[in-house]
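Student: I should like to go through this structure with you, one question at a time. Please explain the reasoning behind each answer.

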Amino acid sequence: MARLGDPQLLWDFIERSMVDSDDGEIANLNYWALWLGAIRRPEANDEFMRDRSMQGWDPVTLLRGLVDGIHQAPGFVDLYAHTVWALLETHRWLPLAAGGLLQTLAQRTTELLDGSALSERSRRELSAVHYRLGEYD
């Protein structure tokens, strides 16, 4: 439905499945890590999504994939925004390791914040991301 222009179900999913649940946040990050190539091995089932250690994938690779896709996914921008925020919250050191990727992320967050197609949650989370990135200028 989000792809077709009705973001409410996606907003509800983010709120109920991730924001109110550490397990949901971890599953989301693990899923994106597989989807965007930060996990290099094939997974036989969804059990990997429950791995609370999150050590089976590279956070920098995941961040790169999210940054590369966030501006190309208008129907899913809220999910991308939340995932970027959650990744930076769980890996507080990540801006130090991401190098030149930070400038691209800062530019994309500025563009998204200047637009109007974000939920209030996404706007708050991207504002927090943008603020944190400013600490590394």
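Student: Is proline 7 buried, partly exposed or exposed?

Tutor: This is a predicted model, and each value discussed here is computed from it. Proline 7 lies in the segment before helix 1 (8-19). Its relative accessible area is 24%, and the class in between runs from 20% to 50%. Proline 7 is therefore partly exposed.

Student: How far apart are the C-alpha atoms of proline 7 and glutamate 125?

Tutor: Along the chain, proline 7 and glutamate 125 are 118 residues apart. In space, the separation of their C-alpha atoms is 17 Å.

Student: How many helices and how many strands does the chain have?

Tutor: Read along the sequence, the pattern of the chain is α-α-α-α-α-α-α. Each symbol in this pattern is an α. The count is 7 helices and 0 strands.

Student: What is the radius of gyration of the chain, and how does it relate to the globule rule?

Tutor: For 137 residues the globule rule gives 14 Å. The value for the chain is close to this, so the chain is as compact as a globular protein of that length. Along its principal axes, the C-alpha trace spans about 40 × 35 × 25 Å. The radius of gyration of the chain is 14 Å.

Student: What percentage of the contacts with a separation of 6 or more comes from residues 24 or more positions apart?

Tutor: A contact means that heavy atoms lie within 4.5 Å. Among the contacts in the chain with a separation of 6 or more, the share from residues 24 or more positions apart is 64%.

Student: What percentage of the residues in the chain is buried?

Tutor: A residue counts as buried when its relative accessible area is under 20%. The chain has 137 residues, and the buried share of them is 44%.

Student: Where is methionine 54, and is it buried or exposed?

Tutor: Methionine 54 is in the loop between helix 2 (22-35) and helix 3 (59-70). Its phi is near 50°, a positive value in a residue other than glycine. The relative accessibility of methionine 54 is 12%, and the cut-off for a buried residue is under 20%. Methionine 54 is therefore buried.

Student: Why can side chains of opposite charge pair? How many salt bridges does the structure hold?

Tutor: Side chains of opposite charge can pair when their charged atoms come close. One example joins glutamate 43 and arginine 41, with the closest N and O atoms 2.9 Å apart. Glutamate 43 is partly exposed at 26% relative accessible area, and arginine 41 is partly exposed at 40%. The number of salt bridges in the structure is 7.

Student: Which residues form salt bridges with glutamate 89?

Tutor: Glutamate 89 is partly exposed, with a relative accessibility of 33%. One partner is at an N to O distance of 3.0 Å, and the other has its closest N and O atoms 4.0 Å apart. These partners are arginine 92 and arginine 132.

Student: In which helices do arginine 132 and glutamate 89 lie?

Tutor: The salt bridge between arginine 132 and glutamate 89 links distant parts of the chain, 43 residues apart. Arginine 132 is buried, with a relative accessible area of 10%. Arginine 132 lies in helix 7 (residues 120-134), and glutamate 89 lies in helix 4 (residues 77-90).

Student: Which residues are joined into one network by salt bridges that share partners?

Tutor: Here the salt bridges have partners in common, and the residues are thereby joined into one network. The members of this network are Glu15, Arg121 and Glu125.

Student: Which side chain of opposite charge is nearest to arginine 108, and how far away is it?

Tutor: Arginine 108 is in helix 6 (residues 101-114), and it is buried yet has no salt bridge. Leaving aside neighbours within four places in sequence, arginine 108 is in contact with Val67, Asp68, Ile70 and His71. A salt bridge needs a nitrogen and an oxygen within 4 Å. The nearest side chain of opposite charge is aspartate 68, at 4.3 Å.

Student: Which residues are in contact with alanine 106, leaving aside its neighbours within four places in sequence?

Tutor: Alanine 106 is found in helix 6. Its C-alpha atom is separated by 27 Å from that of arginine 40, 66 residues apart along the chain. The contacts of alanine 106, with those neighbours left aside, are His130 and Leu133.

How values were computed. Residues are numbered from 1 along each chain as its sequence is written. This is a predicted model: local features need pLDDT of at least 70, side-chain atom pairs count only at pLDDT 80 or more; totals for chains, interfaces and linings use all residues. Side-chain values use heavy atoms; hydrogens and water are left out. Buried means under 20% relative accessible area, exposed over 50%, partly exposed in between (1.4 Å probe, protein chains only). Helices (H or I, at least four residues) and strands (E, at least two) are DSSP runs, numbered from the N terminus. Lys and Arg count as positive and Asp and Glu as negative; His and the chain ends are not counted. The radius of gyration is taken over C-alpha atoms; the globule rule is 2.2 Å times the number of residues to the power 0.38.
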